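Open the model in your viewer and keep the selection panel at hand. The tour goes from one selection to the next and says what is found at each stop.

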Amino acid sequence: MISIKNLHASVEGKEILKGLNLEVKPGEVHAIMGPNGSGKSTLASVLAGREDYEVTEGEVTFNGKNLIELSAEDRAREGLFLAFQYPIEIPGVSNINFLKTAINEIREYKGLDPIDPKQFLALVKEKQKLVELDGKLANRSVNEGFSGGEKKRNEIFQMAMLEPTLGILDETDSGLDIDALRIVANGVNKLRSPERSFIVVTHYQRLLDYIVPDYVHVLYNGRIVKTGPKELALELEEKGYDWIKSDAQNAAV
Amino acid sequence: MNVMTENKLTERILSGSEAKLVSLAGNASARKNALDEFRRMGVPTKRHEDYKYINPEGLFRLGEFMAKANVVRPVTSHDVEEMTIAPGAAKVVIVNGIFIPELSKLDRLPAGVTVKSIADAVVSDAIAKKYHSTIANDSSDAFIAWNTAMNESGVFIHIAKGATCNIPVHVVHIASNEAASTFHPRNLIVAEVDSSLNVIESFDSIGPVKTLTNVVTEVMVHKGAKLNHYRIQTEGDAAHQMNTTCVVAESGSNYCTYTFSFGGAWVRNNLNISFTQEHTESHLYGLYVTNGNRVVDNHTIVDHAIPNCMSNELYKGVVDGKSTAVFNGKIFVRRDAQKTNAYQTNRNILLSDDATVNTKPQLEIYADDVKCSHGTSTGRLDEDAMFYLRARGVGEASARKMLVRAFAEEVVNNVPDEAIKAYLDNRLNHLMS
């Protein structure tokens, strides 16, 4: 699915990712945890193609393609989806029209005809239910005036509409109360399939109670310093990150 | 040295104008007085505060617009049809500043609405006589004085007390000439007490010849009247326009103005609104979309001379290529104008490194119990929004178009007439594809 080798990336000349390796196979869910400033969100942004980030070394292969060379839109068209930590409000751009354009541009990229309008509306109806998104919200401007929880649900709704092969959730749990968290996680779980993988970036173990990962990685200082089964998340919740930090520092020495 | 040149330029225009003046009908002494005012003020230059960003002197220095021969390039009914904005509207066609009854379509106007050539109206109509040249002041601007001296025709629109005009009156201004020339259409709109009227003024040009349309429109909005006044400028690359609209609004009236500048090489809009009675309301909306080497300049003045009035202004611009956009919004709140509400916003998106925006909100407030605000911004498209859209698979060009459309749509959404709105949406689609 995606293979990240020795990835180095900087923003404004400052190196954030310092040789990151990660291999995700179809159907797997990988959680990326780590203390503040370790590079979690940078990883998500770099994979999605945000231009502020410069990849200085390493390679990322996504479904056989060199991801780094693709524009942000082509990455999405190849099946990568980033659920934003802070979804942007875009006044005046209708959620539905924007999604229709996105779907049709993705279809065009794949050599398919535009989606049938009726089929599109049926899809909207179906996917809204997945995250219990109010029909009114789907028709409003993108995220405008949405609550924090609604914005996150809208992210998952969009993911459901675009049907990516790799979903990257960037701190999707931040700012969510427990009910909203459950709804969002349920939405994600319903999208799990043997062909679809997820990278779940999170600060807290809480989300992983709902979206159970196959692997948990600890990102620290721009590298993955520890990988374990889902129980690792519980251990981190209990013991914090300090023991990881000192282990990593000892290893570096 | 400079003064000499300026005077020479003014004299050159004057000599051309004086030669023509003798052939014009109407009140000769009024024309001569106006030309004297023009001589006194001279062609505005860069040193003139109100014209410093667009320098009309520069236009004239090129020697354009001076042709003596006014040879109309024929306009057909098909041409006029192509300029339709709201199907079903009454149409007044003004070619090169002259009212053309054969091309106009006025048979569907309801009772209480009078539309006729202003040249006739100032002779035969008591109301036209009463207001003509009283709202736009010759001594306030050289272009008004020039228009007063030189205008040959234009339209007088009158709606009677309590009348409602259920179809818009569309004034189709067309510049179409075989040689470079200047035209001076003069319009007067009078909305009587409690009347309701929609007026569209569109500006188009046909052909490659350079033209300058120096149009002056006077508007009288009586008590309780409701007037929506649209200005839709879609001229070609050879057309230049100096547009002055002066409005006096009385108590309880609501004058809404919508200015869409989508075309023309050089467009200057002076929009002056005076409140002369309490509880008057006015909304000013503007959208300019510029590219190439075009220049679009909107100067607005809202004069709150008396208490308890409300004005709200929203102008937005999408500025691309090497074009220049200017916005200057003056709001005067005079000493006695307590309880004034006056709001103004100007926002611009720059789509290119070579485009220029000069924006200047200018609030002069002499009363102390008022609510006034202004805001202005000029910037690029929001990078975060661009990334968000692209990260969903929307290509860069489509994402840009989506955001620009959304930005412009805020102005279009304030248009109450669905047909006009549809026309504008369609026009924007063409402009942005």
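## Helix α3 of chain A

Within α3(A), the buried residues are Asn95(A), Ile96(A), Phe98(A), Leu99(A), Ala102(A), Ile103(A), Glu105(A) and Ile106(A). Bear in mind throughout that this is a predicted model. Select residues 95-109 of chain A to show the whole of helix α3: 15 residues, with 21 Å from the first C-alpha to the last, close to the 21 Å expected at 1.5 Å a residue. Then step just past the helix to Gly111(A), where phi is positive, at about 80°.

Keep Phe98(A) selected and add Phe84(A), Phe387(B) and Tyr388(B); these four residues form one aromatic cluster. Before leaving chain A, select Lys239(A) and Trp243(A). The charged end of Lys239(A) sits over the ring of Trp243(A), 4.2 Å from the ring centre.

## The open sheet of chain B

Now colour the strands of chain B. In which order do the 10 strands of the open sheet run? The order is β2-β1-β5-β8-β10-β12-β14-β16-β18-β20, with mixed pairing. At the edges stand β2 (98-99) and β20 (371-379); each has a single partner strand, so one side of each is left without a neighbour in the sheet.

Select β1, residues 90-95 of chain B. Six of its six residues are buried. Ala90(B), Val92(B) and Ile94(B) point one way from the strand, while Lys91(B), Val93(B) and Val95(B) point the other way.

Next, show the two partners of β1(B) in turn:

- Strand β5 (residues 169-175) pairs with β1(B) in the parallel sense over six bridges, and Val95(B) stands opposite Ile174(B) there.
- β2(B) pairs with β1(B) in the antiparallel sense over two bridges, and here Val95(B) stands opposite Ile98(B).

Between β1 and β2 of chain B is a loop that holds Asn96(B). The hairpin has two residues between its strands, and Asn96(B) takes a positive phi near 50°. Is Asn96(B) buried or exposed? With a relative accessible area of 3%, Asn96(B) is buried. Draw a distance from its C-alpha to that of Glu152(B): the two are 56 residues apart along the chain and separated by 9.6 Å.

Move along the sheet to β10 (residues 226-233) and β12 (residues 254-261) of chain B, which pair in the parallel sense over eight bridges. Lys226(B) stands opposite Asn254(B) in β12(B).

## A helix across the strands

Select residues 396-412 of chain B. This is helix α9, which lies across β12, β14 (281-290), β16 and β18 (341-350) of chain B and runs at about 155° to β16(B). Its 17 residues should span 24 Å at 1.5 Å a residue, and its end C-alpha atoms are 24 Å apart, which agrees. Buried residues in α9(B) include Met402(B), Leu403(B), Phe407(B) and Val411(B), and also Arg405(B) and Glu409(B).

## Aromatic pairs in chain B

The whole structure contains 10 aromatic pairs over all chains. Show Phe143(B) and Trp146(B), a tilted pair with 6.5 Å centre to centre and 50° between the planes. These two residues are three apart in helix α7 (residues 142-150), which means that about one helical turn separates them. Phe143(B) and Trp146(B) are both buried.

Then show Tyr315(B) and Phe327(B), also a tilted pair, at 5.3 Å centre to centre with 40° between the planes. This pair links distant parts of the chain: Tyr315(B) is in strand β16 (residues 310-319) and Phe327(B) in strand β17 (residues 324-333), 12 residues apart. Tyr315(B) counts as buried because its relative accessibility is 1%. Phe327(B) is buried too, with a relative accessible area of 1%.

## Two last loops

Select Ile54(B), in the loop between α2 (28-41) and α3 (56-61) of chain B. At 8% relative accessibility, Ile54(B) counts as buried. Beyond its sequence neighbours up to four places away, Ile54(B) touches Trp266(B), Arg268(B), Val295(B), Asp297(B) and Val326(B). Add Tyr51(B) to the view: Arg268(B) lies over the face of its ring, at 4.1 Å from the ring centre.

End at Tyr366(B), in the loop between β19 (356-365) and β20 of chain B. Which residues are in contact with Tyr366(B), leaving aside neighbours within four places in sequence? They are Val333(B), Arg334(B) and Arg335(B).

Key: Residues numbered from 1 in each chain as written. Chains lettered and ligands numbered in written order. Predicted model: local features only at pLDDT ≥ 70, side-chain atom pairs only at ≥ 80, totals over all residues. Heavy atoms only, no water. Phe/Tyr/Trp six-rings, centres within 6.5 Å; stacked < 30°, edge-to-face > 60°. Helix = DSSP H or I, 4+ residues; strand = E, 2+ residues; numbered from the N terminus. Buried < 20%, exposed > 50% of the residue type's maximum accessible area, 1.4 Å probe, protein only. Lys NZ or Arg CZ within 6 Å of the ring centre and 35° of its normal. Pairing = 2+ DSSP bridges. Contact = heavy atoms within 4.5 Å. Axes fitted to C-alpha atoms, helices over the stretch in contact; angles between N-to-C directions. Expected span 1.5 Å × (residues − 1).
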